[in-house]
Amino acid sequence: MPERITPTDVAKVARLARLELTPAQLERAAGQLDGMLAHFADMDALDLSDVQPMTQPYPLQNVFRDDVVVEGLDRDEVLAAAPVAEDHRFRVPPIVGLD
Amino acid sequence: MSSHAELPRTAVGIAAAVRAGEVRAVDVLEAHLAEIDRREHQVHAFNLVVAEQARQAAARVDAEVAAGRDPGPLAGVPVALKDNMCTRGVPTTCSSKILEGWKPPYDATVVAKLAAAGAVAVGKTNLDEFAMGSSTENSAFGPTRNPHDLGRVPGGSSGGSAAAVAAGFAAVSLGSDTGGSIRQPAALCGVVGVKPTYGYVSRYGLIAFASSLDQIGPFSHDVRDAALLLDVIGGHDPMDSTSIPLAHPSLVDVLDRGVEGLRVGRIVDLPEGADPDVQERLEAAFDALRAAGAAIVDVEVPAFGYALTAYYLIAPAEASSNLARFDGVRFGMRVDAADTNAMYMATRSAGFGEEVQRRIMLGTYALSAGYYDACYGRALKVRRLIHDDFERAYRHADVLLTPASPSVAFPFGAKGDNPLAMYLCDLYTIPTNLAGHPAMSVPFGTGADGLPVGVQVLAGTLGEVAMFRAGAALERAMDAARGVSA
């Protein structure tokens, strides 16, 4: 398990996760995450060199269906559930061009 | 109109009476709505009660019966749905502000199957936000209270669904279980709760928390109702690519088989942590199954104790990815900002509660460059160890018994500010999810302060038949001890 986690580490993680934390929240989260990671260090005692990772419980691979057209969701119903829609599309603020 | 006490209490009893034309579905519904009127303001099991829609559904069931048609195996059965299952046109919130006001454009497969079987959905139940928690205290809409003691938690994250059945607001309900979120609240509320084998029940329309661990299952008053519900909602679904493409045997049909010759395993290296009152009930459960003809055998699951670590790296990692979709674009709320990135950050920070943000950050950390191998990568290997240990144990035993929860229901705020203290509530339930196995909590008497205790029955992949045989035997033993005839 890695070394201690600091508020600076948390700030980086929060940015990656698109979350905005106040300095007080960063401090608090760092303490809590640090406590958890200290507990999780129990697995450092295990020899895992010959163990294959397990990503899913039931071994299914390449699940295909027949290539036939099926009814999709109703476009207007989907857009009606969005915060802002316009001209049958999701409307978002500018992505580029602002500095 | 019949009162609540005069009507059948179980789904099996209600459906039989409604199908036979002895009782009207609308009367069953009104009796349950009356209970909701009487006690919901204290319990807060629901985020939303859909009384008018339920009345229409119940009337349709009665019309079917009147026309000589069979409405199905759950005819007129009032059912409550955890509010992380999509219901077309009906708000689905995950008890999060970020989804407030969102109406799904489709039904989850389980919702459609229940309706097709004649069940009547009465409402959407409260949960820990995005199913992250063990007490239902972490809901954006306030906590649910345990119907047995309003000063205590109902468990979580499916606390609303457990409480709804315990309080008589619905005959049965559905929850989801990622690390114990059905079995632990079932234990704390004194009802039956089942997490099936991963892939037994379709997850289509279940808002994902940790996709490789999530599974939907029933809450009920008795084991037979849980079996009936699973018979209805189980089975392959082309809309869920992780759904097991096999036909499942009827579980209702195996309940009376008994446990003669069944091998019941005691995990000799089970991590300590259960309170003495819970431990005492577990011993009584072994005694009851032995008396019913089962053989008790010792097994080892050495990696059991590492499950908490593996789970709290894997589940948050998957959650951090799944919850990336809540960004203010397609669903629910948005906090406006000058550009898209700022809008994402403002929306997510305002919309997600503290525990959800904490888990997203933990998961993002476990997946981030430099920490991936040491955190997520190692956790996946520990998951394999746990799975393989269980598989070895199931060569010697058909089912295993453990506590479902280390303690009876605890008071609000008891776990304080320490997330790890809350995480330890799932000590005995988490390994099952990592292995992908089925497990159920069966009420087995009371512990401290007269509060319910649940015993957990675990089985290997698709071991539902053995699990339900053992669960039914435990229930018969309890009924016999209480002088209730079967």
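This passage describes chain B of a predicted model and its contact with chain A.

The sheet of chain B comes first. It is an open sheet of 11 strands with mixed pairing. The strand order is E1-E3-E2-E4-E6-E5-E10-E11-E9-E7-E8. Strand E1 (46-49) and strand E8 (295-299) of chain B stand at the edges. Each has a single partner strand, so one side of each lacks a neighbour in the sheet. From one strand to the next, the twist averages 30°.

Strand E9 (residues 399-403) of chain B pairs with two strands described here. Strand E7 (residues 263-267) of chain B runs parallel to E9(B), and three bridges join them. Within this pairing, B:Val264 has B:Val399 as its bridge partner. B:Arg266 stands opposite B:Leu401 in E9(B). E11(B) runs antiparallel to E9(B), with five bridges between the two. Here B:Val399 has B:Ala459 in E11(B) as its bridge partner. B:Val399 thus appears in both pairings, with B:Val264 and with B:Ala459. E9(B) is mostly covered, and five of its five residues are buried.

Helices lie against the sheet. Helix H7 (residues 223-233) of chain B lies across strand E4 (172-177), strand E5 (192-195), strand E6 (215-220) and strand E10 (439-446) of chain B. H7(B) runs at about 145° to E6(B). Helix H8 (residues 276-291) of chain B also packs on the sheet. H8(B) touches E7, E8, E9, E10 and strand E11 (452-459) of chain B. The directions of H8(B) and E11(B) make about 55°.

B:Asp277 belongs to helix H8 of chain B. This residue is partly exposed, because 16 other C-beta atoms lie within 10 Å, and a buried residue needs 20 or more. Beyond its neighbours within four places in sequence, B:Asp277 is in contact with B:Val408, B:Gly447, B:Ala448 and B:Val453. B:Gly123 is 154 residues from B:Asp277 in sequence, and their C-alpha atoms are 35 Å apart in space.

Two strand residues give further local views. B:Leu174 is in strand E4 of chain B. B:Leu174 is buried, with 29 other C-beta atoms within 10 Å. Its contacts, leaving aside neighbours within four places in sequence, are B:Leu81, B:Lys82, B:Met85, B:Val110, B:Ser161, B:Ile216 and B:Pro218. B:Gly193 is 19 residues from B:Leu174 in sequence, with 9.1 Å between their C-alpha atoms.

B:Val49 is in the edge strand E1 of chain B. B:Val49 counts as buried because it has 20 C-beta neighbours inside 10 Å, and 20 or more is the cut-off. Not counting residues up to four places away in sequence, B:Val49 touches B:Ile36, B:Val122 and B:Gly123. B:Pro196 is 147 residues from B:Val49 along the chain, and 27 Å separates their C-alpha atoms.

Helix H2 (residues 25-43) of chain B has a kink of about 45°, centred on B:Asp37. Buried residues of H2(B) include B:Ala25, B:Leu29, B:Leu33, B:Ile36 and B:Val43. B:Glu30 and B:His32 are also among the buried residues of this helix. Their cover includes helix H1 (11-19), E1, helix H3 (51-66), strand E2 (78-82), strand E3 (120-125) and helix H5 (159-166) of chain B. After H2(B) comes B:His44, with a positive phi near 55°.

In soluble globular proteins, nonpolar side chains tend to be buried together. The largest nonpolar core in this model has 188 residues. B:Val77, B:Val79, B:Val120, B:Met361, B:Ile386 and B:Val457 touch the most other members. H9(B) gives the most to this core, with 10 residues.

The two chains meet in a contact that takes 55 residues from chain B and 46 residues from chain A. Helix H9 (307-322), helix H10 (340-351), helix H11 (354-367), helix H12 (373-393) and helix H13 (419-423) of chain B each supply at least two residues of the side that touches chain A. The largest share of that side, 10 residues, comes from H12(B). The side of chain B that touches chain A divides into 30 nonpolar, 15 polar and 10 charged residues. B:Met361 touches several chain A residues, including A:Val10, A:Val13, A:Ala14 and A:Leu33. B:Met361 is also one of the core residues that touch the most other members.

Terms used: Residues numbered from 1 in each chain as written. Chains lettered and ligands numbered in written order. Predicted model: local features only at pLDDT ≥ 70, side-chain atom pairs only at ≥ 80, totals over all residues. Contact = placed C-beta atoms within 7 Å. Helix = DSSP H or I, 4+ residues; strand = E, 2+ residues; numbered from the N terminus. Nonpolar A, V, L, I, M, F, W, Y, C, P; charged D, E, K, R; others polar. Pairing = 2+ DSSP bridges. Axes fitted to C-alpha atoms, helices over the stretch in contact; angles between N-to-C directions. Bend = angle between axes of the 7 residues up to and from the residue. Buried ≥ 20, exposed ≤ 12 C-beta atoms within 10 Å, placed from the backbone. Core = buried A, V, L, I, M, F, W, Y, C linked by C-beta atoms within 7 Å.
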